[in-house]
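Visitor: I'd like to know where the labels come from. Could you walk me through it, value by value?
Guide: Sure, let's look at it together.

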Amino acid sequence: MGILNNIFSKIFPSAQAAVGHAKDAVKEQVDKITDTVKDKTSTNTDNTGNNSNSDQNQQNSSENKTPISQVDVMSILDNLAKKFPEKLNWKTSIVDLLKLLGIDNSLDARKKLATELNYTGSTDDTAAMNTWLIKEVMKKIAEKGGNVSHLFS
């Protein structure tokens, strides 16, 4: 398993590495719940074929249509950081993010992560590489369904 997949498995524990996208795992769960709700509402239909709760159910479901596929990465990582024995700056430091997640944060590991993410700069310029890595990892987390937009504002 690559370092990036290891990061995903720590942040998206329900998705794990076997699932390509956290969005897919969440969508499957939402589909199951939606199907269950549809089955229950269809059994509430009276003999005339009208669903007495149809309007109310549609109103409730439209009100609850929040982006379920977004995982609040900030909260997950903040909670981990509160339990960590030292103060970490995981929002801007790839070293601290990896340390927080219990992943090897050595220079060699970061160079491997840079290669995995197709870093084109010099891995000898560790400051530039680390800055690029934290931004790229956050972008990849966002692509997998993690809500990290507040980190870029």
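Visitor: What is the angle at which α1 and α6 pack, and how far apart are their axes?
Guide: In this predicted model, α1 and α6 pack at about 100°, with their axes 8 Å apart. The axes are lines fitted to C-alpha atoms, for helices over the stretch in contact, and angles run from 0 to 180 degrees between N-to-C directions.

Visitor: Why is α1 called roughly perpendicular to α6?
Guide: The bins are under 35 degrees for roughly parallel, over 145 for roughly antiparallel, 65 to 115 for roughly perpendicular, and oblique for the rest. The angle is about 100°, so α1 counts as roughly perpendicular to α6.

Visitor: Which residues meet there, and what kinds are they?
Guide: From α1, Ile-3, Leu-4, Asn-5 and Ile-7 meet Ala-109, Lys-112, Leu-113 and Glu-116 of α6, contact meaning heavy atoms within 4.5 Å. These divide into five nonpolar, one polar and two charged. Ala, Val, Leu, Ile, Met, Phe, Trp, Tyr, Cys and Pro count as nonpolar, Asp, Glu, Lys and Arg as charged, and the others, Gly among them, as polar.

Visitor: What are the ground rules behind these values?
Guide: Residues are numbered from 1 along each chain as its sequence is written, and side-chain values use heavy atoms, with hydrogens and water left out. As the model is predicted, local features need pLDDT of at least 70 and side-chain atom pairs count only at pLDDT 80 or more, while totals for chains, interfaces and linings use all residues.

Visitor: What makes Ile-7 buried?
Guide: Buried means under 20% relative accessible area, exposed over 50%, partly exposed in between (1.4 Å probe, protein chains only). Ile-7 has 0% relative accessibility, so it is buried. Leaving out residues up to four places away in sequence, Ile-7 touches Leu-98, Leu-101, Ile-103, Leu-113, Val-137 and Ile-141. Ile-141 sits 134 residues from Ile-7 in sequence, with 8.8 Å between their C-alpha atoms.

Visitor: What covers the buried residues of α1?
Guide: The cover includes α4, α5, α6 and α7. The buried residues of α1 are Ile-3, Leu-4, Ile-7, Phe-8, Ser-9 and Ile-11.

Visitor: How do you know that the length of α7 agrees with its residue count?
Guide: The expected span is 1.5 Å times one less than the number of residues. For the 18 residues of α7 that gives 26 Å, and the end C-alpha atoms are 25 Å apart, so the two agree. After α7 comes Gly-145, with a positive phi near 110°.

Visitor: Is Asn-130 of α7 buried or exposed, and why?
Guide: Asn-130 has a relative accessible area of 17%, so it falls under the cut-off and is buried. Its side chain makes a polar contact with the side chain of Arg-110 at 2.9 Å. A polar contact is a pair of N or O atoms within 3.5 Å; within protein, one must be able to donate a hydrogen and the other to accept it, and residues adjacent in sequence count only if both atoms are side-chain atoms.

Visitor: And why is Lys-111 called partly exposed?
Guide: Lys-111 comes in at 25%, so it belongs in the partly exposed class. Beyond its neighbours within four places in sequence, Lys-111 is in contact with Thr-123, Asp-124 and Met-129.

Visitor: How many helices does the chain have?
Guide: It has seven helices and zero strands. Helices (H or I, at least four residues) and strands (E, at least two) are DSSP runs, numbered from the N terminus.
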